[in-house]
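Subject: Structure handover

Hi,

Here is the structure I promised to pass on to you. Have a look at it first, and then read on for what turned up.

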Amino acid sequence: IVFGILLAFLIDAWWDERGDRAREHAYIVKLIDEFEASHRELETDLRVRGELLRGYTRLLVAGSDAGPALHADSAGLLLFSLLRWRFYTPSHAVYDDLIASGSMNLLRSDSLRLALLTYAQEKERVAGVEQSEQTAMQNVIVPTVVEQGEILSWLPEEQQNRLGFSAPRPSRDARQLVANPAFNNL
């Protein structure tokens with residue numbers, strides 16, 4: 001009887017361990033998919049940011065007396081993009097599920113658990129940085145651009161129509177705004 005009970009406990013423990021390994025494997029596969037999707041989004045985000053930064057550089061060069069003229073439509077689109085700045089926000093539903101369900105103990109790899117916990121800390125740090133950047137955009141950059149620039153009038157006509165605006169063409173050159181040292185510093 002004792003042997004039968006011990007055997008039943010052993011079989012039950014083996015079955016539980018088998019289920020835990022299957023759940024661990026499923027979490028790891030989902031985490032890989034989630035991180036690969038985040039990687040692709042980050043690459044796209046970095047490419048778009050690079051294009052914007054190159055555009056802002058052209059805008060600032062155009063604002064200098066030595067710089068080539070920048071078409072008003074191009075300047076308007078670049079300035080308008082300042083108002084729609086988007087931060088990279090990775091998807092982390094599987095990670096959140098792993099934490100919320102208390103399933104982190106399923107992961108046998110100490111280095112994977114440590115990496116995931118480090119990821120959580122880094123995610124919080126980045127969220128703080130992005131919040132301060134968004135605050136600066138909202139409180140300083142956007143008001144300056146809106147106050148000193150004629151954003152709507154610099155947008156191409158088809159984009160104005162799409163947004164439902166009808167603005168007059170710019171009364172001043174975009175170079176006036178970008179030549180302004182205060183705007184340049186922003």
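A salt bridge here is a side-chain nitrogen of Lys or Arg within 4 Å of a carboxyl oxygen of Asp or Glu. Arg 47 and Glu 51 meet that rule, with their closest N and O atoms 3.6 Å apart. Both residues belong to helix H1, where they sit four residues apart, about one turn of the helix. Each is partly exposed: Arg 47 has a relative accessible area of 46%, and Glu 51 comes to 42%.

Before the rest, please keep in mind that this is a predicted model. The mean pLDDT over the chain is 78, and 69% of the residues score at least 70. Among the elements, helix H3 has the highest mean pLDDT, 88, while helix H5 (residues 151-154) has the lowest, 58. As you know, where pLDDT is low, the predicted coordinates should not be read in detail.

Back to the salt bridges, of which the whole structure holds nine. Another one in helix H1 joins Arg 23 to Asp 20, the closest N and O atoms being 3.9 Å apart. These two are three residues apart in the helix, so about one helical turn separates them. Both count as partly exposed, Arg 23 at 42% relative accessibility and Asp 20 at 26%.

Helix H4 has a similar story to tell. Asp 110 and Arg 113 both lie there, three residues apart, about one turn of the helix, and their side chains meet in a salt bridge with an N to O distance of 2.2 Å. Asp 110 counts as exposed because its relative accessibility is 55%, whereas Arg 113 is partly exposed at 23%. The spacing in these pairs fits a simple rule: an α-helix has 3.6 residues a turn, so residues three or four places apart point the same way. There is also a network of salt bridges, which links Glu 17, Arg 21, Glu 24 and Arg 108.

Now to helix H3 (residues 93-100). Which of its residues are buried? They are Val 94, Tyr 95 and Leu 98. These residues cover an arc of only 100° around the axis, which puts them on the same side of H3. Ala 93 and Ala 100, on the other side of H3, are exposed. Just after the helix, Gly 102 takes a positive phi of about 75°.

The aromatic residues are worth a look too. How many aromatic pairs are there? The count comes to three. Trp 14 and Trp 15 form a tilted pair, 5.9 Å centre to centre with 55° between the planes. Tyr 95 and Tyr 119 form an edge-to-face pair, at 5.3 Å centre to centre and 85° between the planes. This second pair links distant parts of the chain, as Tyr 95 is in helix H3 and Tyr 119 in helix H4 (residues 110-148), 24 residues apart. Tyr 95 counts as buried because its relative accessibility is 4%. Together with Phe 35, Tyr 95 and Tyr 119 form one aromatic cluster.

Lastly, the surface. Phe 3, Leu 7, Leu 10, Ile 11, Trp 14 and Trp 15 make a nonpolar patch of about 730 Å². Of these residues, Trp 15 is found in helix H1 (residues 2-63), and Trp 14 counts as exposed at 52% relative accessibility.

Best wishes

Technical notes. Residues numbered from 1 in each chain as written. Predicted model: local features only at pLDDT ≥ 70, side-chain atom pairs only at ≥ 80, totals over all residues. Heavy atoms only, no water. Buried < 20%, exposed > 50% of the residue type's maximum accessible area, 1.4 Å probe, protein only. Arc of directions from axis to C-beta. pLDDT = per-residue confidence, 0-100. Patch = residues over 30% accessible without salt bridge, like charges linked within 9 Å, V, L, I, M, F, W, Y side chains within 5 Å. Areas by Shrake-Rupley, 256 points an atom, 1.4 Å probe, with all protein chains shown as cover. Phe/Tyr/Trp six-rings, centres within 6.5 Å; stacked < 30°, edge-to-face > 60°.
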